[in-house]
Amino acid sequence: MTIQSPEPNDTDVASGDEPLITIRNARKWFPIKGGMFSPVKAHVRAVDGVDMEIQRGETVGIVGESGCGKTTLGRLVMGLIPMTEGTITFDGDDIRDINPKELRRRLQIVFQDPGGSMNPRMSVRSIVGEPLIVNGLADGAELTRKVAELLSVVGLKPNHMNRFPHEFSGGQKQRIALARALSLDPDFILLDEPTSALDVSVQAQVLNLLDSIQKERGLTFIFITHSLNVVNHISDRVGVMYLGKIVEISETDELFANPAHPYTHALLSAIPQPSLDAEKTERIVLSGDVPSPANPPSGCSFHTRCPIAVKGKCDVDEPQLESLSEGHQVACHFPVEFGGSLPIHTE
Amino acid sequence: MTWQDGEEERAESRRRLSERLYQTRIDLARTWKIYRRSLLAIVGLFMVLSVCTISIFADDIAVEHPGRDIQDTRDVWTIDYEPQRKEPFSEECDMREQKVSLTELRRWDENGTLALSPTKIADDSSFYQDTLVVTEYRALVDRNGYPLPLGLLYLEPSNHSYFWISDELMENNSINQIKITYMFDNEDMHHWWLPDGYDVCVFGTNEEGQDMFSKILYGSRVSLKIGFTVATLTVIIGTVIGSISGYFGGRVDEVIMRITDIFFAVPGLILALAFVAALQAVDDFTLPLWFALLIPIAFLAVYLRSHIDETLLPKSIAPDSPSDSSYALVRPILLLVLIFAFLVLGPWEYVFEIGESRTWRLAATALALCFIGFLLVVDRHLIDMIPTRGIGTRAKDAFDWRNPYRYLTFRTIVIFIAAATVFSWSGNDEGSITVIENFDRLWKIQIALVFTGWPGYARLIRGQVLYVKEMAFVEAARSVGAPSGRVMFRHILPNAWAPLLVAFTLDIGGTILSASGLSFIGLGAEPGAAEWGKLVSDGRAFFPQDNWLVFFPGMAILVTTLGFNLLGDGLRDVVDPKNRR
Amino acid sequence: MSNLLNIQNLRVHFDTLDGPVEALHSVSLSVKEGEIMGVVGESGCGKSVTSLVTIGLASCDVDEGSITFDGKELIHEVDEVTAGTLSVFRVISAVLGFFLMGAMLWFFRDPLAGFTVGVVILLLLAACMIFIFVIDAPKRHHEQFLRSIRGNKISMIFQEPMTALNPLYTVEKQVSEVLKQHGKLDAAESSLGLRIGQALVSPATLLINYIRSDLKGGTQLLGAFMFILLVQQSGNSDAILDLLTYPVALLVDAVVWLLDVLDIIPDKLGLSDNMSAALSLGVIFVAVMLAAYIYSLIHVPEQLDSIFQTLTGVTRRTPQILVWYVVIFILLWIPFGVLMTIIASVGILAIPPIQISGYLGLDPAHTRQVVKILEDVRIPNPEAVVKMYPHELSGGMRQRVMIAMMMACEPKLLIADEPTTALDVTIQAQILSLMKDLRDKEGTAIMMITHDLGVIAETCDAVSVMYAGSVVETGSLEQVLGSPRMPYTIGLLHSIPRIKEEGEVRADLPIIPGQVPDPNTKFDGCRFHPRCPFADDTCRSTPPPMEEVSEGHFASCHHTELTVDLELAEQAFSVTQFLQSEVGVQ
């Protein structure tokens with residue numbers, strides 16, 4: 001069979017200032033139906049109006065708790081789920097207009113559960129080579145060569161390609177997943193909690209690997225996680241999500257030094273630090289549980305749990321993302337002052 | 001490009017083949033290791049293997065063919081049946097009580113008689129009797145059962161098949177009929193592999209004098225055939241429907257599941273009754289040739305479509321195609337269904353009837369395939385706007401003659417079988433293909449059991465497909481752009497079929513039991529056929545005195561069903577994901 | 001304070017497909033009364049196995065070691081002789097069982113002989129069983145003892161709150177079950193008989209309550225019932241049935257007419273009967289398919305779409321009407337007597353048991369007790385939560401309910417196996433502070449198993465670090481986190497990403513190269529030596545002793561003198577040569 005060479009990537013290197021990905025007012029509402037023939041009762045608002053820009057070559061971390069919509073946002077950016085509303089552009093083109101095969105090639109994804117993201121019945125060669133086979137880019141001996149190359153990039157031996165996923169440890173499996181993501185030479189990789197299922201010592205190895213690959217290939221990452229330590233280490237900018245909206249987004253150091261949104265404060269104070277001499281600031285314990293995304297609160301979606309919510313304002317008006325300072329945006333009516341702590345805190 | 005250039009590719013293919021074989025070997029070793037942990041599973045395997053061996057070698061082991069029809073259809077002769085309802089290992093299997101009509105002998109002025117077997121019916125429906133070799137002359141009674149002195153009769157020393165009747169008896173006109181009891185050389189009915197004394201009438205004989213052992217051995221063939229046929233057909237139908245339902249989800253899933261519920265509600269045995277009654281007149285199942293040929297053509301068309309999609313008109317050269325993923329898989333199916341509907345209702349039959357020679361039929365098939373291919377290319381070209389330039393060169397380059405190992409795939413086998421079928425059927429003289437020759441009652445109950453059996457598998461596969469569909473690797477495959485067909489056949493189905501194997505083996509046992517039950521009621525095998533349920537039913541009248549008539553067929557059913565059940569249980573351990581395959 | 005729980009030299013193995021796998025090699029740790037001990041380690045280190053063996057729920061075999069709780073031994077040693085005798089007798093009883101079946105079959109042939117043989121075998125079997133019962137007594141007593149401890153003195157909360165609660169029972173039922181098991185329920189208020197009586201008359205009260213609450217639905221129901229009663233009694237049911245079937249008959253007629261019309265076409269074409277039927281169906285089929293195909297290609301204009309919307313709005317009610325239609329049809333069609341019998345049987349047979357089970361649910365006194373327990377774990381609105389099912393609660397609430405269940409009997413030791421791993425960070429904070437408060441109030445010792453060193457730092461008093469099946473370092477929190485002496489602990493602490501100070505440049509994270517060894521690998525010496533920068537020949541050949549490096553601080557290492565200076569030791573891990581060594585990639 002004739003081997004076709006990969007299509008040249010349409011990267012416009014000259015436009016260095018233009019962001020790679022622009023997200024404008026992205027919304028994804030999942031309908032809840034009563035039954036097969038009943039009309040739609042309500043919507044689960046997984047992503048409820050997100051605006052973001054991602055520059056080429058940077059790593060944007062997205063943190064939030066379960067149910068905040070970060071996974072859905074990632075899938076929207078990848079084009080795996082259609083949006084209910086809003087636009088996402090990739091390299092200047094709306095992703096709906098880009099040829100889907102082209103889209104798949106330039107945006108790749110690494111999943112959370114390394115074991116589950118690989119078909120247990122396929123050899124590593126088939127798993128890593130599947131993107132190439134499916135796109136008709138390599139086959140047979142050529143495929144073996146390419147897979148060997150990719151495996152050595154991620155730090156595995158080429159003869160591993162004949163083994164099966166269950167013979168590898170968690171960290172090695174995640175490396176294989178990364179090799180698969182790199183096989184089509186993408187511009188962008190979505191990392192959906194890649195280290196959450198790994199041990200601490202292996203996590204460090206994988207994070208270092210991601211770092212080196214990013215530098216080598218000039219990749220852009222979105223790193224979804226719920227661990228603030230990891231996101232602090234690896235990302236250039238961090239966005240905090242709550243109930244489908246981005247409540248604060250800024251550069252990493254800035255966010256951790258001067259958090260403005262009360263939720264960010266609560267998150268930061270809730271992380272247990274693994275050292276004796278961590279400043280034990282007063283722990284801000286939020287009351288109640290996360291509201292259901294099918295029925296979000298009126299006004300600011302955080303007001304039901306916010307320690308400084310003001311009745312009449314926070315439960316009526318929805319705050320928009322506003323710039324506090326260069327590169328630091330917050331969606332709050334009463335953002336906390338720089339370097340300050342929350343005026344009222346429980347416990 | 002010469003043969004040498006392909007050496008690298010060939011080596012690579014060979015290496016991958018050997019890897020796959022090696023992996024299969026390891027898998028089998030591991031399977032055996034898990035399986036043999038359970039003693040009951042080994043017992044089950046042993047039972048199943050012995051039943052299968054018996055059914056294969058039934059001709060050699062059995063001493064009597066059950067097809068032997070000894071029923072007197074005209075009720076003219078008082079045919080003396082063989083040892084009726086004799087106990088296992090009873091002596092009387094080698095014994096014969098021959099009635100001799102002295103009146104007849106006197107008429108013909110003979111004073112001796114041959115030792116003859118009971119009247120048998122030959123293949124051409126003529127009656128005959130075998131000459132027996134007497135080993136021991138036991139008793140002599142008259143018509144009313146009063147014993148007569150043995151000395152009245154004596155064997156011819158040189159020919160042990162001939163009895164001389166003494167003059168005393170011949171002239172005694174008060175005795176007109178005598179019954180001679182003697183043991184004869186019954187080596188034909190002795191099993192050579194059993195010890196003497198225990199080698200004849202191993203399971204006794206039934207009412208008509210037939211050897212139960214042989215009947216049970218031949219019955220295994222019937223039961224296993226029923227079990228495997230029904231199980232296989234239900235698995236195929238159930239898998240197809242279940243995977244469609246599971247994969248598409250939504251409305252399609254709901255509708256198919258409600259239809260499945262309707263089939264579930266139908267009780268199997270009652271439906272079997274109905275089928276037998278309704279299809280009473282149907283004796284064989286034939287398909288007209290033109291219709292039958294469409295089946296292999298359908299298979300070839302499917303592969304033609306994927307060939308066109310991958311090689312001749314790959315999507316990767318399409319400019320900007322609107323991705324309407326909800327119709328991605330539906331459209332080609334719809335297209336093929338439309339084409340075939342058109343062919344069935346339209347000109348195919350007439351085209352076919354034009355000539356009856358093999359050449360014409362083959363040509364017609366090739367024409368049909370070209371027509372289908374043309375329509376598919378046109379569809380892709382017009383709807384998806386994929387350019388057709390260069391299609392000729394791509395068609396030439398498509399077949400990689402330098403690397404024959406590439407074609408050692410399932411796809412090639414199917415294409416080969418389809419082509420062979422077309423070839424052989426096109427040489428058919430009659431205008432129809434006989435699918436089932438003897439559409440007897442057994443077939444009808446098999447159809448009934450298939451009819452009610454497939455919903456179980458559909459449900460099973462649907463559940464598994466739904467479960468596997470949510471796994472991350474399926475999403476991963478989709479995210480790299482794998483088409484639905486690949487996702488279905490390479491990712492979902494291989495991970496979903498494990499419980500199917502268990503259900504399959506258990507179902508064979510259940511089907512054998514159902515079929516035996518139906519034969520017991522009288523619905524299954526025709527009278528005289530060697531089906532275990534029928535044997536139990538026949539022997540029921542003589543229970544509990546002659547309990548071997550019921551016991552041995554019952555044990556046979558027990559052993560077979562139990563064997564399959566234990567096998568299924570053992571397999572369940574093997575496919576259990578907790579055993580970390 | 002004395003040791004509440006003392007695990008000494010525990011060694012266990014699992015019987016797997018590939019032979020015995022040693023899960024724990026040598027685990028020694030102790031928990032004092034009222035202390036929170038953290039057991040930290042990575043996957044495969046054996047921390048969960050340790051906890052399961054302590055509470056007696058593990059499916060592994062203990063080779064050696066002892067676990068003492070409050071002075072009492074928790075591991076039951078079965079000596080080989082007893083085990084052997086037991087298995088022999090079990091086999092004998094199985095064989096006797098087979099023979100019994102054979103005797104039953106023989107009974108059919110020869111009744112007398114079969115009967116005697118059967119009786120003899122039965123007696124032998126009984127003797128065997130009694131013998132087994134007697135021999136097994138110590139194990140049974142031990143099991144009873146363990147059951148009295150579980151939930152009562154030692155409790156355990158598990159990792160997955162989503163699946164740890166039984167989805168079939170309400171919260172109050174599950175919490176009270178624990179109390180009931182250990183006899184700590186308050187006295188019941190109302191007697192059982194009274195409640196059963198209430199349940200029996202409940203169908204009537206049920207009906208009255210329903211009609212009172214849902215007047216609209218109730219009147220509809222009553223109206224329909226009256227209607228059917230009248231119709232049946234007056235004998236007009238047939239007429240009404242005809243009326244109801246009239247639309248269906250019309251529909252059938254329409255279909256027949258349509259088929260007749262379509263028949264004209266093949267007649268005109270002069271085709272045979274079979275072909276004509278096929279052609280009619282085929283025409284319809286092809287037409288529908290073509291329409292669907294064309295529909296899939298074109299975009300539906302908006303006006304058409306809105307027409308579809310109104311159509312679906314109108315037909316939304318159709319299922320309801322259809323259901324009413326079918327129900328009335330059936331009720332009229334069934335003869336009245338049969339109908340009454342059905343209603344009576346359902347009412348008398350089915351409803352009371354359901355009601356009884358509901359009434360026997362919980363006594364109000366018990367409910368109050370459960371409410372108080374839930375208040376102790378700070379669950380908001382406990383009266384409502386008590387009646388809820390687990391699927392109605394969120395993850396954090398479920399974990400609290402679990403904690404409540406486990407604290408209900410006021411245990412002395414609470415084993416928490418990764419209690420907050422599956423929860424969000426903010427909820428985790430709540431749960432951890434709750435557990436600390438429980439310790440302060442009740443004095444419960446907690447064995448907190450986790451892989452998150454941050455959680456350990458926040459909550460624990462003492463720490464044990466486990467690696468590959470043994471405890472490698474143990475001591476107080478300050479000792480282990482402040483001055484770790486075992487190289488694994490040092491590497492682990494060093495490789496956790498930390499929140500950087502402002503202005504700090506992001507550098508590569510220091511790692512421990514390689515990965516956790518396979519449980520099957522045999523080690524002569526230290527199990528960490530392939531990954532340790534300080535390893536030498538001693539480490540490869542002899543197992544390291546548990547050295548007491550300072551008061552109460554134990555480390556299992558040959559070279560604890562090399563790790564006194566923490567910074568130097570950390571640097572050893574960052575040496576490039578070590579990082580790039582072949583140890584890393586296997």
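**Two interfaces of chain A**

Colleague: How many residues of chain C and chain A are in contact with each other?

Modeller: In this predicted model, 47 residues of chain C touch 46 residues of chain A. Together the two chains bury about 4100 Å², and carbon and sulfur atoms account for 52% of that.

Colleague: And which elements of chain C give two or more residues to the side that touches chain A?

Modeller: They are α18 (425-442), α19 (453-459), α20 (477-482) and α21 (487-494) of chain C. The largest share, seven residues, is from α18(C). Sorted by class, this side of chain C holds 21 nonpolar, 14 polar and 12 charged residues.

Colleague: How many salt bridges are counted there, between chain C and chain A?

Modeller: Zero, while four residue pairs are in polar contact, both partners being at pLDDT 80 or more.

Colleague: Let's turn to chain B. How many salt bridges does the rule find across its interface with chain A?

Modeller: Four. One of them to look up is A:R125 with B:E12, whose closest N and O atoms lie 3.8 Å apart; the cut-off is 4 Å, so the pair counts. Here 36 residues of chain B meet 37 residues of chain A, with about 3300 Å² buried, 50% of it from carbon and sulfur atoms.

Colleague: How far should I trust the coordinates of chain A?

Modeller: Generally, where pLDDT is low, predicted coordinates should not be read in detail. Chain A averages a pLDDT of 82, with 88% of its residues scoring at least 70. Over residues 1-15 of chain A, however, pLDDT stays under 50.

Conventions:
Residues are numbered from 1 along each chain as its sequence is written. Chains are lettered from A and ligands numbered from 1 in the order in which they are written. This is a predicted model: local features need pLDDT of at least 70, side-chain atom pairs count only at pLDDT 80 or more; totals for chains, interfaces and linings use all residues. Side-chain values use heavy atoms; hydrogens and water are left out. Contact means heavy atoms within 4.5 Å. Buried area is the accessible area (1.4 Å probe) that two parts lose on being put together, summed over both. A salt bridge is a side-chain nitrogen of Lys or Arg within 4 Å of a carboxyl oxygen of Asp or Glu. pLDDT is the predictor's confidence in each residue, from 0 to 100. A polar contact is a pair of N or O atoms within 3.5 Å; within protein, one must be able to donate a hydrogen and the other to accept it, and residues adjacent in sequence count only if both atoms are side-chain atoms. Helices (H or I, at least four residues) and strands (E, at least two) are DSSP runs, numbered from the N terminus. Ala, Val, Leu, Ile, Met, Phe, Trp, Tyr, Cys and Pro count as nonpolar, Asp, Glu, Lys and Arg as charged, and the others, Gly among them, as polar.
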